Amino acid sequence: MHVLLAALALHGSVGPVSKAELGASWHPGCPVAPAQLRELRLPYWGFDGNRHLGALVVNASVVDQVSAVFGRLYRARFPIRRMTPIAAYGGSDDRSMAADNTSAFNCRYAVAAGPKRWSVHAYGEAIDVNTVENPYLEAGKVLPPAGRSYLDRSRYRRGMAVRGGLLVRTFAAVGWQWGGRWTGSPDYQHFSATGG
């Protein structure tokens, strides 16, 4: 817990989040209650080179890990386009991705073939980072469509998640896995505590 307190003292704050604040990103029947979630307010460096304050809604159990990741990214000046809870986009992944938004909790099902199951985002244990620079490839679709210009992963550009790169290494240091390693439908923006 001392790691969490030190990171937050330097880099942000953590607090409860209400049902009203979660808006359309939460509804009855979700696998976690609002009481199990926290809002992390964290500084980050934008693509404009300026310091910004953003927010992520995550499961209370991963606050320490997430604050450590974003503290390291901040110190390294890794650029993030924006960081706003998905409630600001009406709970719409498509709208959030189109805005190149970095977000975490969203009570929704996984976007994948097979039986319907909760996404790791529905538990607040996954984060999508710089969604345009790091698109999701699913059944021949590029999500968001603006991510098409970033399909060539061999040409590194700022904000990208690449094998061995800072973003991937930083999440790996706290035990989180990267969706970019998935061979059938790589999800370059996706990092999760469970690997799913």
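Four salt bridges are counted in this predicted model, a salt bridge being a side-chain nitrogen of Lys or Arg within 4 Å of a carboxyl oxygen of Asp or Glu. Residues are numbered from 1 along each chain as its sequence is written, and the side-chain values use heavy atoms, with hydrogens and water left out. Since the model is predicted, local features need pLDDT of at least 70 and side-chain atom pairs count only at pLDDT 80 or more, whereas totals for chains, interfaces and linings use all residues.

Side chains of opposite charge can pair when their charged atoms come close. One such pair joins Asp 100 to Arg 81, with 3.0 Å from N to O. Asp 100 lies in the loop between α4 (93–98) and β5 (101–102), and Arg 81 in the loop between α3 (63–75) and β4 (82–83), so this salt bridge ties together parts that are 19 residues apart in sequence; helices (H or I, at least four residues) and strands (E, at least two) are DSSP runs, numbered from the N terminus.

Arg 81 also meets the side chain of Glu 133 in a salt bridge, at 2.8 Å from N to O. Here the pair links distant parts of the chain, 52 residues apart, with Glu 133 placed in the loop between β6 (126–128) and β7 (136–138) and Arg 81 in the loop between α3 and β4. Arg 81, Asp 100 and Glu 133 are thus linked in a network of salt bridges. Within this network, Asp 100 is buried at a relative accessible area of 5% and Glu 133 is buried at 1%, while Arg 81 is partly exposed at 32%; buried means under 20% relative accessible area, exposed over 50%, and partly exposed in between, with a 1.4 Å probe and protein chains only.

Another salt bridge brings Arg 41 together with Glu 39, their closest N and O atoms being 3.6 Å apart. Arg 41 is partly exposed at 35% relative accessibility, and Glu 39 is partly exposed at 22%.

The next feature is a pocket. The largest pocket has a volume of about 460 Å³, and of the 24 residues that line this pocket, the closest to its centre are Arg 108, Ala 110, Val 111, Tyr 136 and Asp 187. On a 1 Å grid over the protein atoms alone, a pocket is an open set of points where a 1.4 Å probe fits, with protein on both sides within 12 Å along at least five of seven lines, and lining residues have an atom within 4 Å of a point. Grid points are joined across faces, edges and corners, and a volume is the space filled by probe spheres set on the points. To the lining of the largest pocket, α4 gives the most, with three residues.
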